[in-house]
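Here's a quick walk through the model, going from the overall layout down to a few single residues. Have the viewer open as you read.

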Amino acid sequence: MRRILLIAGAALVVAVVGVFIAIQFPSVDVWMFRRAVHAGVSGPDAVVAKDGELSVLMVGTGTPLPDVNRAGPSTLVAAGSHLYLVDAGIDAARNLQLWKVPLNKIDAVLITHLHSDHIGGLAEIRLQSWVAGRKTPLKVYGPPGIERVVAGFNEAYAIDDGYRVKHHGAAMLPPDAVKLVAVPVAFDGKTAPVFDALGLKVTAIRVKHEPANPAYGYRFDYQGRAVTISGDTIYDEDLARAAKGTDVLVHEGLAPELVGIMHDELLAAGRTRPAKIMHDIPGYHTAPVDAAKIANMAGAKLLVFTHLLPILPNDIAVRAFLKGVSDVRPDGVKVAHDGMVVRLPGHSADIDVGDIQ
Ligand SMILES: [Zn+2]
Ligand SMILES: [Zn+2]
């Protein structure tokens with residue numbers, strides 16, 4: 001006991017002396033700041049996928065509802081060193097920068113549909129990928145209408161572009177490179193090829209998210225592995241068919257019972273406008289149990305829930321969200337969080353789930 005008291009006393013003295021030195025000698029603050037900066041900036045960029053690997057990084061797993069723990073909808077698919085961003089929700093760029101993912105390596109953006117939560121972070125992706133060293137315009141694939149969205153962002157940020165070129169110089173920030181270039185993807189039927197290059201095949205899948213029409217999911221096939229992203233959709237067996245044999249199905253999820261509770265409580269509190277929204281949204285999303293059925297139908301090895309409704313602040317809420325899912329699908333289910341990575345080594349059956357940091 002005496003020994004513990006002695007150690008505690010010594011630690012206290014050291015702490016008091018340390019604080020005294022820090023207060024008396026501002027250079028110690030600066031030295032500590034330098035140490036913190038050094039730790040923050042040193043080290044390599046994040047590797048989302050190794051050579052020959054297909055990976056999915058959950059960049060933003062939230063929705064339009066404000067959530068300090070989840071950015072807006074955004075998922076990064078990496079085929080080796082080539083990066084493809086599916087949707088650009090609010091704070092997608094911020095998360096990628098915090099994780100040291102090299103934004104200049106994003107080859108293209110693919111937008112599932114034109115709801116604001118899926119495009120709200122596009123301006124920052126445009127700007128930060130340019131600042132990070134992107135030397136050519138950035139292609140943005142998406143449903144018809146993507147031309148207007150892209151033209152709008154280009155126009156809205158044109159003045160800022162000019163300031164930055166003047167300030168840092170055209171050698172660092174080539175003026176022509178900053179632009180987004182729209183690539184509308186229009187098709188009849190259920191699926192259509194988007195592109196097939198560098199061993200990666202990307203397929204658009206028409207999903208049902210009325211009145212946001214057309215709305216797409218995307219399937220990525222690379223090195224014998226496949227990832228399918230649902231986008232926002234109701235229960236859709238055609239999606240299961242298009243995702244057949246996928247290793248990972250990243251599917252949106254809305255728990256009707258929990259959203260119903262939110263509706264009731266908002267209404268009881270006299271908050272009629274958000275209550276109306278809670279009333280309206282289940283009609284164009286998928287219940288977790290139904291998404292599990294789609295994953296089973298597709299033969300997906302892993303189902304990853306994203307675009308989580310309502311806000312799930314803790315593990316208890318996550319358990320409530322998943323109520324009934326294990327009856328349909330006992331294994332192979334994850335609820336995503338921002339920073340989760342699923343790695344699929346090429347020509348293998350392995351699925352490694354981890355975190356980017
Ligand atoms: Zn939507
Ligand atoms: Zn959405």
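The centres of domain 1 and domain 2, taken over C-alpha atoms, sit 46 Å apart. Domain 1 covers residues 2–36 and domain 2 covers 53–355. Keep in mind that this is a predicted model, so everything here is computed from predicted coordinates.

For the overall dimensions, the C-alpha trace spans about 75 × 60 × 50 Å along its principal axes. The secondary structure adds up to 13 helices and 15 strands. Out of 357 residues, 41% count as buried. Looking at contacts with a sequence separation of 6 or more, 66% of them link residues that are 24 or more positions apart.

**The seven-stranded sheet**

An open sheet runs in the order E7-E8-E9-E10-E11-E12-E13, and its pairing is mixed. At the edges are E7 (191–197) and E13 (333–335), each of which pairs on one side only. On average, neighbouring strands in this sheet are turned by 20 degrees against each other, ignoring direction. At the E13 edge, E12 (residues 302–309) and E13 run parallel and are joined by three bridges, with Leu-303 standing opposite Val-333 of E13. Helix H11 (residues 288–298) packs on this sheet, where it touches E11 (248–254), E12 and E13. The direction of H11 makes about 160 degrees with that of E11.

Now zoom in on one residue of the sheet: Thr-228, which belongs to strand E10 (residues 225–229). Is Thr-228 buried or exposed? There are 28 other C-beta atoms within 10 Å of Thr-228, so this residue is buried. Leaving out residues up to four places away in sequence, Thr-228 touches Gly-217, Arg-219, Ala-243, Thr-246 and Leu-249. As for Lys-244, it is 16 residues from Thr-228 in sequence, and the two are 9.3 Å apart in space, C-alpha to C-alpha.

**Strands around E14**

E14 (residues 340–345) pairs with E1 (residues 53–60) in the antiparallel sense, over five bridges. Within that pairing, Glu-53 has Pro-345 of E14 as its bridge partner. E14 also runs antiparallel to E15 (residues 352–355), this time with four bridges, and here Met-340 stands opposite Asp-355 of E15. E14 and E15 make a hairpin with six residues between them. In the turn, His-347 has a positive phi of about 45 degrees.

Here are the three strand pairs mentioned so far, side by side:

| Strand pair | Sense | Bridges | Facing residues |
|---|---|---|---|
| E1 and E14 | antiparallel | five bridges | Glu-53 and Pro-345 |
| E14 and E15 | antiparallel | four bridges | Met-340 and Asp-355 |
| E12 and E13 | parallel | three bridges | Leu-303 and Val-333 |

**Helix H5**

Which residues of H5 (residues 122–131) are buried? They are Leu-122, Ile-125, Arg-126, Ser-129 and Trp-130. Seen down the axis of H5, these buried residues fall within an arc of 120 degrees, so they line one face of the helix. Just after H5 comes Gly-133, with a positive phi of about 120 degrees. That makes Gly-133 worth a look alongside His-347, the turn residue between E14 and E15 with its own positive phi of about 45 degrees.

Technical notes:
Residues are numbered from 1 along each chain as its sequence is written. Chains are lettered from A and ligands numbered from 1 in the order in which they are written. This is a predicted model: local features need pLDDT of at least 70, side-chain atom pairs count only at pLDDT 80 or more; totals for chains, interfaces and linings use all residues. Domain bounds come from an automatic or database domain assignment. A residue is buried if 20 or more other C-beta atoms lie within 10 Å of its own, exposed if 12 or fewer, and partly exposed in between; C-beta atoms are placed from the backbone. Helices (H or I, at least four residues) and strands (E, at least two) are DSSP runs, numbered from the N terminus. The arc is that of the directions from the helix axis to the C-beta atoms. Two residues are in contact if their C-beta atoms, placed from the backbone, lie within 7 Å. Two strands pair if DSSP finds at least two bridges between them. Axes are lines fitted to C-alpha atoms, for helices over the stretch in contact, and angles run from 0 to 180 degrees between N-to-C directions.
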